[in-house]
Amino acid sequence: GLQPGTDYTYRVLVDGTPASTGQFRTAGGGPEPFRFTAFGDQGVGYHSALLLRRVAALKPAVHVLAGDICYANQNGRGGPGDIFHPQIWDAWLVQNDPVTASVPFLSVLGNHEMEPGFDTHGYAGVLARLPLPGQSPLECPASWSVRYGTVGFVGLDSNDVSYELPANRRYTAGAQTRWLRSTLAEMRRPGSGIDFIVAVLHHGPYSSNEAHASEGGVRDEWVPLFDRYAVDLVIAGHNHCYERTLPLRGGSVAGYDADHVDSTVGTTYITAGGGGANSTPTFIQDGLSRVTTAAGPSVETVEWTLPSRTGEHVVLVGDVDPGTGPDQVSTLRLRAIDESGRTRDSVVLRRPASARPGPPAPAGGWSRTGLVVAGSVGAAALAAGGVTGVAALRRRPPSPPTVDPLAPKVVIRPLVERRDDRAAPGDAPPDRR
């Protein structure tokens, strides 16, 4: 029920007492430029705070977090002996509150989210604190898909396919892969209005970093689908570094221009795991990588690595400029920006603009989309059991249009959706306060 292209102020009440106030802006009415930022492996600390301030200065429409969120589970092996400090979640929420109060975080789960003592494959603790966006297969509570303007984002739980850290391997019995296939097919359907597809996961299939290198489980299960449906960009974490590949198809280089990529012929894979956790700056010898297979680690010769790889903490910035017609070209400009604001790498992805459908009808009934724009106090209150939380929204007049090309208008589907009196089976009745 929110209006497009509109600024809103919201207040979160806990048992009737104001606890948090913030502002956000809804999507525009049609294809428009927008910006997203991304990193993985954030944690809590000095570098995490510095990079978060960099994100705030970049003013993205949405931020993508590629797993290993706060490191409350310090071992990340998914076993009962893992060292677990749940209070680190509180510190993470407080640290991120100035940004999450107005910027939605689209998060996937990494190996450090397999927390001991929780059900749902170790995810119950994180899912209670951090609502995930979009829809997922029932067997996999940690995957989702969201359309923002002309970009389709797909979040995946790579713990389900990992050979390296197999605690949750095959827990969906292939359901997540089947869902991914159908989701990508729908996004590539003629007339979908989606140009770029961005997949987000934790264990990257192509990295030459010494820490974890490449995940063969992702290569076996999902890379063929990325190829089949011409996924433009795959963002991963796990290795605490930055690294970009040349465009790949079937594991082979599909283009050698490192600055301009025709993403219809190959997928660009970016490791953006420098979100704040301790850096892993050592890379394998040039021309070599290591991949963890079902049989164990294996060294391989590769030609997809680029000299821009670095152990510095960086945030990935994506500026989307949709084409205005079927003969136009849509661009996705990617930059890796370090803590000081220096650009460490850049590339422009291009593909023909797709046909544009009309605006989607608002969803009816109860929304299962989390209120991820709330501040830390409000988000914790809304997620906690036994505590009544209310999010009150107040509409403001639209802001004047801006002309700054580096801070373009937001184009997202609102994450706070209309609710009415029709409750789904098992849902609690609406709170009328």
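Start by selecting isoleucine 284, which sits in the loop between β15 (268-272) and β16 (288-293). Strands here are DSSP runs of E with at least two residues, helices are runs of H or I with at least four, and both are numbered from the N terminus. You are looking at a predicted model, where local features need pLDDT of at least 70, side-chain atom pairs count only at pLDDT 80 or more, and totals for chains, interfaces and linings use all residues. Residues are numbered from 1 along each chain as its sequence is written, and side-chain values use heavy atoms, with hydrogens and water left out.

**Around isoleucine 284**

Is isoleucine 284 buried or exposed? Its relative accessibility is 10%, so it counts as buried; buried means under 20% relative accessible area, exposed over 50%, and partly exposed in between, with a 1.4 Å probe and protein chains only. Now add glutamate 210 to the selection: its C-alpha atom is separated from that of isoleucine 284 by 5.5 Å, although the two are 74 residues apart along the chain. Leaving aside residues up to four places away in sequence, isoleucine 284 touches Ser208, Asn209, Glu210, Ala213, Ser289, Arg290 and Arg309. A contact means heavy atoms within 4.5 Å.

**Zoom out to the whole chain**

Show the full protein chain as a cartoon and you will find eight helices and 21 strands. Of its 433 residues, 55% count as buried. Among contacts with a separation of 6 or more, 73% are between residues 24 or more positions apart. Switch on the surface: the chain exposes about 17,500 Å², with carbon and sulfur atoms supplying 53% of it. These accessible areas come from the Shrake-Rupley method with a 1.4 Å probe.

**The seven-stranded sheet**

Next, pick out the open sheet of seven strands, in the order β5-β4-β3-β18-β19-β20-β14, with mixed pairing. Two strands pair if DSSP finds at least two bridges between them. At the edges stand β5 (105-108) and β14 (260-262), each with a single partner strand, so one side of each is left without a neighbour in the sheet. Neighbouring strands are turned by 20 degrees against each other on average, direction ignored.

Select β3 (34-39). Six of its six residues are buried, so β3 is largely enclosed by the rest of the structure. Phe34, Phe36 and Ala38 point one way from β3, while Arg35, Thr37 and Phe39 point the other way. On one pairing, five bridges join β3 to β18 in antiparallel fashion, and phenylalanine 36 stands opposite glycine 318. On another, four bridges join β3 to β4, which run parallel; here threonine 37 has histidine 63 as its bridge partner.

Move along to β19 (residues 329-338) and β20 (residues 343-352), an antiparallel pair with nine bridges. Highlight arginine 335 and its bridge partner in β20, serine 346.

**Helices α1 and α2**

Finally, select α1 (residues 46-58), which lies across β3, β4, β5, β18 and β19 and runs at about 15 degrees to β18. Then add α2 (residues 87-100): the axes of the two helices come within 10 Å and cross at roughly 10 degrees. Axes are lines fitted to C-alpha atoms, for helices over the stretch in contact, and angles run from 0 to 180 degrees between N-to-C directions. The helices α1 and α2 are therefore roughly parallel to each other, a term for angles under 35 degrees.

To see their contact, show Ser48, Ala49, Leu52, Val55 and Ala56 of α1 with Gln95, Asn96 and Val99 of α2.

Terms used:
Parallel < 35°, antiparallel > 145°, perpendicular 65-115°, else oblique.
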